[in-house]
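Open the model in your viewer and keep the sequence panel beside it. The stops below say what to select next and what is there.

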Amino acid sequence: MKKFNYVPWVVGLSIAINLIVVALLFLPKVDGDLGFNIKLLPLLNAVLNSFTFVFLLAALFMIIRKNVKWHKRFIFAAFTSTALFLVSYLTYHSMAESTSFGGEGIIAGIYYFILITHIVLAALIVPLALLTLFRGLAMKVDKHRKIARWTMPIWLYVSLTGVIVYLMISPYY
């Protein structure tokens, strides 16, 4: 049986997802009544990021305890909540204008530091998470462990800072 080459999938999905996110910056936004309050989507995004964070912590706890079965389940849960987040995020940013942060002084500096590191690492986590997942599924345990040591803390940071960014900007929606 021929081995599945997951690298083209990782590269293709990583490029596609990141290009779609960047393209949303340039698309015209929807005017008029949408039939629902679109301002609820950032809250949903924060909730989904919170779920991802908790699922990742649980997955980490399970693999430290050598419980591979539950580690996989929590990783799949993290991917599910992240995928739902991505759909919600893309929906919101395809329809709504960007919200400006209204804070000043040191809090603005802190906000922008968190936001910029969050954005850069969010783009990076897409290929890292996919590569780590496929290596685990292919039972390439040594390669999986090597990359997971980088993927897990970065993904935890991205999911946590997504919630922090929401909490900091939510008064300005």
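Select Phe 36 to start, in the loop that joins helix 1 to helix 2. This is a predicted model. Phe 36 counts as partly exposed because its relative accessibility is 41%, which lies between the 20% and 50% cut-offs. Now add Lys 3 and draw a C-alpha to C-alpha distance: the viewer should give 46 Å for this pair, which is 33 residues apart in sequence.

Next, zoom out to the whole chain. The protein has five helices and zero strands, so colouring by secondary structure gives the order α-α-α-α-α from the N terminus. Along the principal axes, the C-alpha atoms fill a box of roughly 55 × 35 × 25 Å. The protein has 173 residues, and 36% of them count as buried. If you show contacts between residues at least 6 apart in sequence, 80% of these join residues at least 24 apart.

Switch to a surface view. About 10,900 Å² is exposed, with 72% of that area supplied by carbon and sulfur atoms. Then colour the charged side chains: there are 15 positive and 5 negative ones. The centres of the two sets lie 30 Å apart.

Go back to the cartoon and select residues 7-24, which form helix 1; Val 21 is part of it. Is Val 21 buried or exposed? Neither term applies, because its relative accessible area is 24% and Val 21 is therefore partly exposed. Setting aside neighbours within four places in sequence, Val 21 is in contact with Tyr 89 and Leu 90. For a longer view along the chain, add Thr 161: this residue is 140 residues from Val 21 in sequence, and their C-alpha atoms are separated by 18 Å.

Keep Tyr 89 shown and move to helix 2, residues 41-64, where you will find Asn 45. Asn 45 has 6% relative accessibility and therefore counts as buried. Which residues does Asn 45 touch, not counting those up to four places away in sequence? They are Phe 85, Ser 88 and Tyr 89. Tyr 89 thus appears in the contacts of Val 21 and in those of Asn 45.

Helix 4 is the next selection, residues 106-137. Its 32 residues should span 46 Å at 1.5 Å a residue, and the end C-alpha atoms are 44 Å apart, so the two values agree. Look along the helix for Ile 125, where helix 4 bends by about 35°. A proline, Pro 127, follows within four residues of that point. Past the end of helix 4, select Met 139 and check its backbone angles: phi is positive, near 60°.

Finish with helix 5, residues 141-169. This helix has 29 residues and reaches 40 Å from its first C-alpha to its last, close to the expected 42 Å. Where does helix 5 bend? The place is Ala 148, and the bend is about 40°.

The last residue to pick is Trp 150, also in helix 5. Trp 150 is exposed because its relative accessible area is 60%, above the cut-off of 50%. Draw one more distance, from Trp 150 to Tyr 89: the two are 24 Å apart in space, C-alpha to C-alpha, and 61 residues apart in sequence.

How values were computed: Residues numbered from 1 in each chain as written. Predicted model: local features only at pLDDT ≥ 70, side-chain atom pairs only at ≥ 80, totals over all residues. Heavy atoms only, no water. Helix = DSSP H or I, 4+ residues; strand = E, 2+ residues; numbered from the N terminus. Buried < 20%, exposed > 50% of the residue type's maximum accessible area, 1.4 Å probe, protein only. Contact = heavy atoms within 4.5 Å. Areas by Shrake-Rupley, 256 points an atom, 1.4 Å probe, with all protein chains shown as cover. Lys, Arg positive; Asp, Glu negative; His and termini not counted. Charge placed at Lys NZ, Arg CZ, Asp CG, Glu CD. Expected span 1.5 Å × (residues − 1). Bend = angle between axes of the 7 residues up to and from the residue.
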